[in-house]
Each structure stands twice: as structure tokens, then as C-alpha cells.
Amino acid sequence: MADIKFSGFTTGATTANTLIVGYDSVANTNDQYTLAQVATGLKEHLVESFIVAASDEATALTTGVKATFRMPYAFTVTAVRGSLTTAGTGVNLVTVDINEGGSTILGDKITFTATETTSTTAVAQPTITDASLADDAQMTIEIDQIDSGGVSAGLKVTLIGYQT
């Protein structure tokens, strides 16, 4: 049984003759779901991530495009975050943008609070305005602002989500 894949289970099945029953705990009922509905639900729970190095580990960051790559498949972004090897200092926040085909996918960009090496502790968390990334889309990681101390280094950006 361990060798059976979902695609093998659904081969030959049609929406007209194949339904799966599942319990809806909110409505307290058993509901019927099509294979397409089950597949969509499964994708949303198969989380994966891309981690992109956008600088070397030791050289102080500068502004501009730091990494360019292409999406290997269509992808829905559910979260983004960044990390630094060396935290910044001063009042300016290190600010990072993610672009698809030259347009930002973020409303509020990734920021780093001074002395922090992760964006997960920043006061303002990034917001995603374009969650649907196309297959083979050209992606860029861009540093919009560096710390006023000019010491931050080792930027990595993580895109979290699932294949669509």
C-alpha cells in the first residue's frame, strides 16, 4: 500500500463516478468531495519553501538587485521571511523586496529590526499582494535599504507556499 501514489489512485476516476466522503467538523456533517477538491486541499497542506542567498556571508550589504532566478513551477506564496548572518545597526531598517517579472509581490516589504538577524521578529511583518507566481517567472530579490550602520551581511530570503 505504501507504493500507491495519489495520482495512481485517481487514474481512470471521473468526477461523475468518484466522490470521497469527509467529515465537516464545523457543520457536524459528512460531506462528499470530488477528486479535484481533495487534490486542491492536499496541495495547500504540502508546504515547501525556496531559500535564496542574496549576498555572501561577510560583505556588508548594498542596495539593488542581488539575486535572479526562475520559478521551477507555478507556486502560491503563503509567507515570506528573511535572515541575516550579521545584524544591522542604526535607525534604518534593512528592507528587502521580492519581484516577479519586475513587479513586487509584497505590500509591506521584508524588514529587519536593528540587532536582529531574522525578519520574523520585525514590528511590521511583510504582506503578500501577489501570491500566484507563474511557472518559469523571473524572480528577483532586491535590497531597497541597508542599515544606517552599514554592517548587515549574509542575506537569505525564504518563499513559503505550495505548488499550484
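The following paragraphs lead through this predicted model, from the overall layout to the sheet, the core, the aromatic cluster and a few individual residues.

The chain contains 2 helices and 11 strands, and reading along the sequence gives the pattern α-β-β-α-β-β-β-β-β-β-β-β-β. Of its 164 residues, 32% are buried. The accessible surface comes to about 9,100 Å², and 54% of that area belongs to carbon and sulfur atoms. When contacts between residues at least 6 apart in sequence are considered, 74% of them join residues at least 24 apart.

A convenient place to begin is the hairpin formed by β1 and β2, which has 4 residues between the two strands. Strand β1 covers residues 19-24 and strand β2 covers residues 29-34, and the two pair in the antiparallel sense over 6 bridges. Within this pairing, V21 stands opposite Q32 in β2. The turn holds N28, a residue in the loop between β1 and β2, whose phi is positive at about 60 degrees although N28 is not a glycine. With a relative accessible area of 56%, N28 is exposed, because an area over 50% is counted in that class.

A further set of strands makes up an open sheet of 4 strands, in the order β3-β11-β5-β9 and with antiparallel pairing. Its edge strands are β3 and β9 (132-133), each of which pairs on one side only. Inside the sheet, β5 and β11 run antiparallel and are joined by 8 bridges, and A79 stands opposite I160 in β11. As background to reading such a sheet, side chains in a regular strand alternate between the two faces.

Strands of this sheet also contribute to the largest nonpolar core, which has 26 residues, and among these I98, I141, L155 and L159 touch the most other members. At least two residues of this core come from each of β3 (48-53), β4 (64-70), β5 (75-83), β6 (94-100), β8 (110-112), β10 (138-145) and β11 (156-163). L159 offers a useful view of the surroundings: leaving aside residues up to four places away in sequence, L159 touches E48, S49, F50, F75, V77, A79, V80, I98, L133 and M139. The list therefore includes A79, the residue that stands opposite I160 in the pairing of β5 with β11, and also I98, itself one of the residues with the most contacts to other core members.

Two of the residues touched by L159, F50 and F75, lead on to the aromatic rings, where the count comes to 2 aromatic pairs. In one of them, F50 and Y73 are tilted, with 6.1 Å centre to centre and 45 degrees between the planes. This pair links distant parts of the chain, since F50 is in strand β3 and Y73 is in the loop between β4 and β5, 23 residues apart. F50 counts as buried at 17% relative accessibility, whereas Y73, at 23% relative accessibility, counts as partly exposed; the two fall into separate classes because the limit for buried is under 20%. The rings of F50 and F75 have centres 5.0 Å apart and planes at 75 degrees, so this pair is edge-to-face. Here too distant parts of the chain are linked, with F50 in strand β3 and F75 in strand β5, 25 residues apart. Both F50 and F75 are buried, and the ring pairs link F50, Y73 and F75 into a cluster.

Two further residues deserve a separate look. D136 has a positive phi of about 70 degrees although D136 is not a glycine, and its place is in the loop between β9 and β10. D136 is partly exposed, with a relative accessible area of 43%. N99, by contrast, lies in strand β6 and is buried, with a relative accessible area of 5%. A polar atom of the N99 side chain lies 3.1 Å from the backbone nitrogen of T104. Not counting residues up to four places away in sequence, N99 touches T104, Q138, M139, T140 and E142.

How values were computed: Residues are numbered from 1 along each chain as its sequence is written. This is a predicted model: local features need pLDDT of at least 70, side-chain atom pairs count only at pLDDT 80 or more; totals for chains, interfaces and linings use all residues. Side-chain values use heavy atoms; hydrogens and water are left out. A nonpolar core is a set of buried Ala, Val, Leu, Ile, Met, Phe, Trp, Tyr and Cys residues joined through side-chain atoms within 4.5 Å. Buried means under 20% relative accessible area, exposed over 50%, partly exposed in between (1.4 Å probe, protein chains only). Contact means heavy atoms within 4.5 Å. Two strands pair if DSSP finds at least two bridges between them. Rings of Phe, Tyr and Trp (its six-membered ring) pair if their centres lie within 6.5 Å; planes under 30 degrees apart count as stacked, over 60 as edge-to-face and the rest as tilted. Accessible areas come from the Shrake-Rupley method with a 1.4 Å probe; for residues, only the protein chains shown count as cover. A polar contact is a pair of N or O atoms within 3.5 Å; within protein, one must be able to donate a hydrogen and the other to accept it, and residues adjacent in sequence count only if both atoms are side-chain atoms.
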